[in-house]
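Colleague: I have a structure to go through and some questions about it. Please keep the answers short and show the reasoning.

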2 protein chains.
Amino acid sequence: MAPLYLALVHYPVLNRKGEVIASAVTNLDLHDLARCACGYDLPGCFIVTPLKDQQALVGRLLNHWCEGVGREMLPERAEALRRLRLVESVDEAVGQVTAECGSAPVVWASSARGGLGVLSYSSARSHLMNEERPCVLLLGTGWGLVPSLIESAHAVLEPIRGVNGYNHFSVRCAAAIILDRLLSMPICGEIV
Amino acid sequence: MAPLYLALVHYPVLNRKGEVIASAVTNLDLHDLARCACGYDLPGCFIVTPLKDQQALVGRLLNHWCEGVGREMLPERAEALRRLRLVESVDEAVGQVTAECGSAPVVWASSARGGLGVLSYSSARSHLMNEERPCVLLLGTGWGLVPSLIESAHAVLEPIRGVNGYNHFSVRCAAAIILDRLLSMPICGEIV
């Protein structure tokens, strides 16, 4: 099994005008992604932001839930939020995974827009089941990852398509669906 | 194809002490569920709350995004949020579906706790593909639907199990995973 890490990228991402920005951290993104990371037993989920005030906010939140009153009130939330790791950049996330796993990870980008060279869920799942090289899946906030991040990734995971072409999912819901498709027990034999 | 409706229930649900409460509406729940409902082309998603102030809040939010400035700024969000329907009770939701479809719906409850008489995803999917009787899937907020709602449902959908027993997902992420399992195109033949 190849370990899969998530990275929730707040910089560099696009805003709705297509400009490069650092987006604000959303409290519920951290909770939801941590809970998903825990449910699918990921070794870690990186929260990527170079902004000091946003880093401080994430630090406070993690401290509250992992060490403070929150931990006593809701221990299973602490269990989840401990999987989050605050980093300055995608490079720092990749560096941590390399150090932890002993080999540089395969980097997968995700995008709501399809394109050439798209990695299917079956291929991604096959890598996770049969390879050992770790993977980092980049999730964009705002209007998505900047083109340079998508182009420098080893592959772009195919967009989640609904049943009618509308695929404007929140990053929280998209992450949940992607993890379920990649890592859930094969319930598909019964489904099809 | 049987039409599937969601109902996000804020009353009656449990709090963490097991008491029956009316939970507060969470802004991002409405956005995320509407976007999922749109992506999987559901005819509607009911927001169930008997509290007048919460109804007013939902009304303001829908007005902003479906009619006001929000619609101009982000038309695809209006397209999604138009699927939401504010109702007082689960009974009112069931009544609307009955009137709309010409037959009373099958009611499915969802729960993070397993139990007897659990409906598998394959059976639920088979119903949706092969039957005509509409379905309403109840999603609990807070600490979940009250036992009486679960007992009065026709079936309880099996819990989402992660890979390690932790299944404390947010209702947003749980709804996304459930809809993807029930309604996504069969990608499973390639996956297994």
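Modeller: Two strands count as paired if DSSP finds at least two bridges between them. Keep in mind that this is a predicted model.

Colleague: Then start in chain B: which residue is the bridge partner of L119(B) in strand 9 of chain B?
Modeller: Strand 7 and strand 9 (residues 155–157) of chain B pair in the parallel sense over two bridges. That meets the cut-off of at least two bridges. Within strand 9 of chain B, the partner of L119(B) is L157(B).

Colleague: Which strands of chain B stand at the edges of the sheet?
Modeller: The sheet of chain B is open and has seven strands in parallel pairing, in the order 5-4-1-8-6-9-7. An edge strand has a single partner strand, so one of its sides is left without a neighbour in the sheet. In chain B these are strand 5 (84–87) and strand 7 (118–119).

Colleague: In chain A, which residue of strand 9 stands opposite L119(A)?
Modeller: Chain A has an open sheet of seven strands, also in the order 5-4-1-8-6-9-7 and with parallel pairing. Its edge strands, strand 5 and strand 7 (118–119), each pair on one side only. Strand 7 of chain A pairs with strand 9 of chain A over two bridges, in the parallel sense. Opposite L119(A) stands L157(A).

Colleague: Are the residues of strand 6 of chain A buried or exposed?
Modeller: A residue is buried if 20 or more other C-beta atoms lie within 10 Å of its own. On one side of strand 6 of chain A, V106(A), W108(A) and S110(A) pass that test, and on the other side V107(A) and A109(A) do. With both faces covered, five of the five residues of this strand (106–110) are buried.

Colleague: Which residue of strand 8 of chain A is the bridge partner of W108(A)?
Modeller: Strand 6 of chain A pairs with two strands that matter here. Three parallel bridges join strand 6 to strand 9 (residues 155–157) of chain A, where S110(A) stands opposite L157(A). Four bridges, again in the parallel sense, link strand 6 to strand 8 (residues 135–140) of chain A. In strand 8, the partner of W108(A) is L137(A).

Colleague: Within what arc do the buried residues of helix 5 of chain A fall?
Modeller: Helix 5 of chain A (residues 90–101) has V90(A), A93(A), V94(A) and V97(A) as buried residues. Seen down the helix axis, they line one face, because they fall within an arc of 95 degrees.

Colleague: Which exposed residues does the face of helix 5 of chain A turned away from its buried side carry?
Modeller: The buried residues of helix 5 of chain A are covered by elements including strand 1 (4–9), strand 4 (45–48) and helix 7 (147–152) of chain A. The face turned away from that buried side carries the exposed residues D91(A) and A99(A).

Colleague: How many residues of helix 1 of chain B are buried?
Modeller: Helix 1 of chain B (residues 27–39) has 13 residues, which should span 18 Å at 1.5 Å a residue; its end C-alpha atoms are 19 Å apart, which agrees. Among its buried residues are D29(B), H31(B), R35(B) and G39(B). The helix is mostly covered, and the number buried is 11 of 13.

Colleague: Which element gives the largest share of the side of chain A that touches chain B?
Modeller: In the interface, 37 residues of chain A are in contact with 36 residues of chain B. The elements of chain A that give two or more residues to its side are helix 1 (27–39), helix 4 (75–81), helix 6 (121–130), helix 8 (171–183) and helix 9 (188–191). The largest share, seven residues, comes from helix 1 of chain A.

Colleague: What kind of axis relates the two copies?
Modeller: Of the interface residues of chain A, 97% are also interface residues in chain B, so the copies meet through the same surface. Chain A is superposed on chain B by a rotation of 180 degrees with 0.0 Å of shift along the axis, at an RMSD of 0.0 Å. The copies are thus related as by a two-fold rotation axis.

Terms used
Residues are numbered from 1 along each chain as its sequence is written. Chains are lettered from A and ligands numbered from 1 in the order in which they are written. This is a predicted model: local features need pLDDT of at least 70, side-chain atom pairs count only at pLDDT 80 or more; totals for chains, interfaces and linings use all residues. A residue is buried if 20 or more other C-beta atoms lie within 10 Å of its own, exposed if 12 or fewer, and partly exposed in between; C-beta atoms are placed from the backbone. The arc is that of the directions from the helix axis to the C-beta atoms. Two residues are in contact if their C-beta atoms, placed from the backbone, lie within 7 Å. Copies are superposed by least squares on the C-alpha atoms of residues with pLDDT of at least 70 in both. The expected span of a helix is 1.5 Å times one less than its number of residues.
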